[in-house]
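User: I have a structure here and would like to go through it slowly. Could you start with one residue and build up from there?

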Amino acid sequence: MNDIRFLENKFFKEIKKHILLALPKIQYINFRLSTDEEDTKLSFDMVCNIDILISIRIRKNKFKVYNDLTIRSKSKNNGKTEIDKIMDNKSQIYFYAYMNEEENLLEKIRIVDVETIKKLTIKEKYQKRKNNDGTEFNTYLFSEIKKENGDIYQYDYKN
């Protein structure tokens, strides 16, 4: 898989479906009453801004047993990593999923408030893991995310 966006593209419709199901629980939706000009000239009374910044990670089924969310914390070339971007407020929610064994559907989905990941990082409530290639990642247990009220949505495929 050389295309780094392959899985996001492959599962785009499924990702969109679950985000729409989670929307009532997502806190980043802003409402405001229309201005007088918007009301009288454009004929609308309320504005809903739902520009939500979403990070997406899809993992192979074999990693599901860990029941955690992993975020790269050190790259091969020491460039900015996913955790750096999260700590810099580049995302608001994290769509995290595991594929089934056939890799044709998303079997376990969690949508998490990124503020919770930031809190857990600051509190150092994560494990640091190293890969053989010199990269590193942080692991956050879903149970810890739930304790911090960061679990927005969950889905588990049932046959």
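**Charges, rings and pockets**

Analyst: Let us begin with Glu136, which is buried at a relative accessible area of 13% (buried means under 20%, exposed over 50% and partly exposed in between, with a 1.4 Å probe and protein chains only). Please keep in mind that this is a predicted model, in which local features need pLDDT of at least 70 and side-chain atom pairs count only at pLDDT 80 or more, while totals for chains, interfaces and linings use all residues. Residues are numbered from 1 along each chain as its sequence is written, and side-chain values use heavy atoms, with hydrogens and water left out.

User: OK, which residue does Glu136 form a salt bridge with?

Analyst: Its partner is Lys128, and the closest N and O atoms of the two are 3.9 Å apart (a salt bridge here is a side-chain nitrogen of Lys or Arg within 4 Å of a carboxyl oxygen of Asp or Glu). While Glu136 is buried, Lys128 is partly exposed, at 43% relative accessibility.

User: And how many salt bridges are there by this rule?

Analyst: The count comes to twelve salt bridges. One of them joins the side chains of Asp133 and Lys76, with 4.0 Å from N to O. This pair links distant parts of the chain, since Asp133 sits in the loop between strand E7 (127–130) and E8, whereas Lys76 sits in the loop between E4 and H4, 57 residues apart (helices, H or I, have at least four residues and strands, E, at least two, both being DSSP runs numbered from the N terminus).

User: Are those two buried or exposed?

Analyst: Asp133 is partly exposed, with a relative accessible area of 43%, and Lys76 is exposed, at 65%.

User: What about a salt bridge inside a helix, where both partners lie in H6?

Analyst: There the side chains of Lys147 and Glu144 meet in a salt bridge of 3.3 Å, N to O. The two residues lie three apart in helix H6, which is about one turn of the helix. Lys147 is exposed, with a relative accessible area of 62%, but Glu144 counts as buried at 17%. Elsewhere, salt bridges with shared partners join Lys128, Lys130 and Glu136 into one network.

User: Changing topic: how many aromatic pairs are there?

Analyst: A search of the whole structure finds four aromatic pairs (rings of Phe, Tyr and Trp, the last by its six-membered ring, pair if their centres lie within 6.5 Å, and planes under 30 degrees apart count as stacked, over 60 as edge-to-face and the rest as tilted). Among them is the edge-to-face pair of Tyr96 and Tyr98, at 5.8 Å centre to centre and with 80 degrees between the planes. Tyr96 also forms an edge-to-face pair with Phe142, this time at 6.1 Å centre to centre and 70 degrees between the planes. Tyr96 lies in strand E5 and Phe142 in helix H6 (residues 142–147), so this pair ties together parts that are 46 residues apart in sequence.

User: Are the rings of that last pair on buried or exposed residues?

Analyst: Both residues are buried, Tyr96 having a relative accessible area of 0% and Phe142 one of 9%. Tyr94, Tyr96, Tyr98 and Phe142 together form one aromatic cluster.

User: Last topic, pockets. What volume does the largest pocket have?

Analyst: Its volume is about 1,500 Å³ (a pocket is an open set of points on a 1 Å grid over the protein atoms alone, where a 1.4 Å probe fits, with protein on both sides within 12 Å along at least five of seven lines, and lining residues have an atom within 4 Å of a point; the points are joined across faces, edges and corners, and the volume is the space filled by probe spheres set on them). The lining has 41 residues, of which Ile56, Arg57, Ile58, Thr70 and Arg72 lie nearest the centre of the pocket.

User: Which element gives the most to that lining?

Analyst: Strand E3 (54–59) gives the most, with six residues.

User: And which residues line the second largest pocket?

Analyst: That pocket, with about 210 Å³ of space, is lined by Arg5, Glu8, Asn9, Phe12, Ile15, Lys16, Ile19, Ile54 and Ile56. H1, helix H2 (12–22) and E3 each give two or more residues to this lining, and the largest share, four residues, comes from H2.
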